[in-house]
Amino acid sequence: MKANHNLRYHLLAIAVVLIWGCTFVNSKVLLMNGLEAHEIFTFRFLFAYICIWFISPRKLWANSWKDELLMVLLGVTGGSLYFVTENEAVRIDYVNNVSFIVCTAPLLTMLLALAFLKSVKATRKLVIGAVVATLGVALVVFNGHFLLKLNPLGDFLALCAGLSWAVYSLMLRRVSHYSAVFVTRKVFFYGLISVLPMYFFRPWKFPLEGFFKPEIWGNLLFLGFVASFACFILWSWVSKKLGALTASNYIYLNPVSTVVFSALFLDEHMTLLAYLGSALILLGVYLSNHGNPNGSPIKQSAIEV
């Protein structure tokens with residue numbers, strides 16, 4: 001029975017990450033139609049925040065000011081900082097560079113855990129799995145075109161996004177005594193609050209009539225309801241069931257669905273090397289998730305949605 005439960009959590013983690021891989025395509029379409037990175041983030045999180053109030057407990061605050069501060073940090077690292085830096089990097093940098101750097105988040109998570117958590121020990125399979133999956137990400141993202149051009153600002157923003165998600169993944173364990181729905185609602189709220197200063201530097205410019213276009217409201221609804229509202233709740237849940245490193249390793253699967261949906265909707269086709277990279281990603285994830293004696297070096301206490 002326990003094995004079946006663990007399989008369920010692994011399958012949920014895979015489903016969430018594959019959906020998030022699609023969002024690169026959704027965001028690209030919105031950026032191409034004139035929306036700014038912080039505007040996209042505001043709409044997707046605002047919609048998700050409204051939705052979550054229908055299922056969230058009416059508890060307003062965390063149990064202590066320290067826990068409330070942790071919720072603020074989660075809202076910044078897993079919300080505004082991550083999404084704005086990622087989309088800004090896509091806007092000014094080469095998409096290949098951004099995708100590769102952001103998808104090193106699991107590797108960054110492992111390095112942070114090894115550096116700051118005494119309970120975490122690196123195993124040979126964990127390290128080999130991370131290296132193999134990273135190589136697979138490179139093959140998928142570059143899709144057979146090995147031309148890496150440097151853009152210092154864009155690459156820096158992409159690295160900030162990956163590091164931000166790594167910190168978010170590890171900090172989730174500090175709030176494991178709260179329900180996933182409560183934590184997710186807090187992430188949405190503080191993500192929205194922390195993005196507001198962006199509007200002082202880059203005021204709203206997108207015309208309201210633009211929201212009547214199917215490619216605008218359709219992609220925003222998907223990003224808000226599916227990729228944010230539903231996926232963030234599930235991710236908060238499975239990351240505490242499986243552990244931060246085990247759940248984070250599935251981020252390596254992001255480029256797989258990104259490339260597939262790019263081929264379907266943006267006419268960007270895969271090459272043989274991209275298929276090979278996908279296989280390496282799957283192998284790397286398998287090795288990483290079987291490289292720990294208990295399934296994960298960071299075992300979280302259970303929470304209920």
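**Helix α2, helix α10 and a cavity in a predicted model**

In this predicted model, the buried residues of α2 are Ala37, His38, Glu39, Ile40, Phe41, Thr42, Arg44, Phe45, Ala48, Tyr49, Cys51 and Ile52.

Reader: What makes α2 mostly covered?

Author: A residue is called buried when its relative accessible area is under 20%, and 12 of the 16 residues of α2 are buried, so the helix is described as mostly covered.

Reader: How do you know that the span of helix α2 agrees with its number of residues?

Author: At 1.5 Å a residue, the 16 residues of α2, which runs over residues 37-52, should span 22 Å, and because its end C-alpha atoms are 23 Å apart, the two values agree.

Reader: What is found in helix α10, and what follows just after it?

Author: Helix α10, residues 214-242, has a kink of about 40 degrees centred on cysteine 231, where the bend is the angle between axes fitted to the seven residues ending there and the seven starting there. Just after α10, glycine 243 takes a positive phi of about 110 degrees.

Reader: Why is the space of about 190 Å³ called a cavity?

Author: A cavity is a set of points where a 1.4 Å probe fits but cannot get out, so the term denotes an enclosed set of points; the count comes to one cavity of 30 Å³ or more, and about 190 Å³ of space lies in the largest cavity. Of the 18 residues that line this largest cavity, Trp20, Tyr82, Phe83, Glu86 and Asn254 are the closest to its centre.

Reader: Which helices supply at least two residues of that lining, and how do its residues divide?

Author: Helices α1 (2-32), α3 (65-92) and α7 (152-171) each do, and the lining residues divide into 11 nonpolar, five polar and two charged.

Key
Residues are numbered from 1 along each chain as its sequence is written. This is a predicted model: local features need pLDDT of at least 70, side-chain atom pairs count only at pLDDT 80 or more; totals for chains, interfaces and linings use all residues. Side-chain values use heavy atoms; hydrogens and water are left out. On a 1 Å grid over the protein atoms alone, a cavity is a set of points where a 1.4 Å probe fits but cannot get out, and a pocket is an open set with protein on both sides within 12 Å along at least five of seven lines; lining residues have an atom within 4 Å of a point. Grid points are joined across faces, edges and corners, and a volume is the space filled by probe spheres set on the points. Helices (H or I, at least four residues) and strands (E, at least two) are DSSP runs, numbered from the N terminus. Ala, Val, Leu, Ile, Met, Phe, Trp, Tyr, Cys and Pro count as nonpolar, Asp, Glu, Lys and Arg as charged, and the others, Gly among them, as polar. The expected span of a helix is 1.5 Å times one less than its number of residues. Buried means under 20% relative accessible area, exposed over 50%, partly exposed in between (1.4 Å probe, protein chains only).
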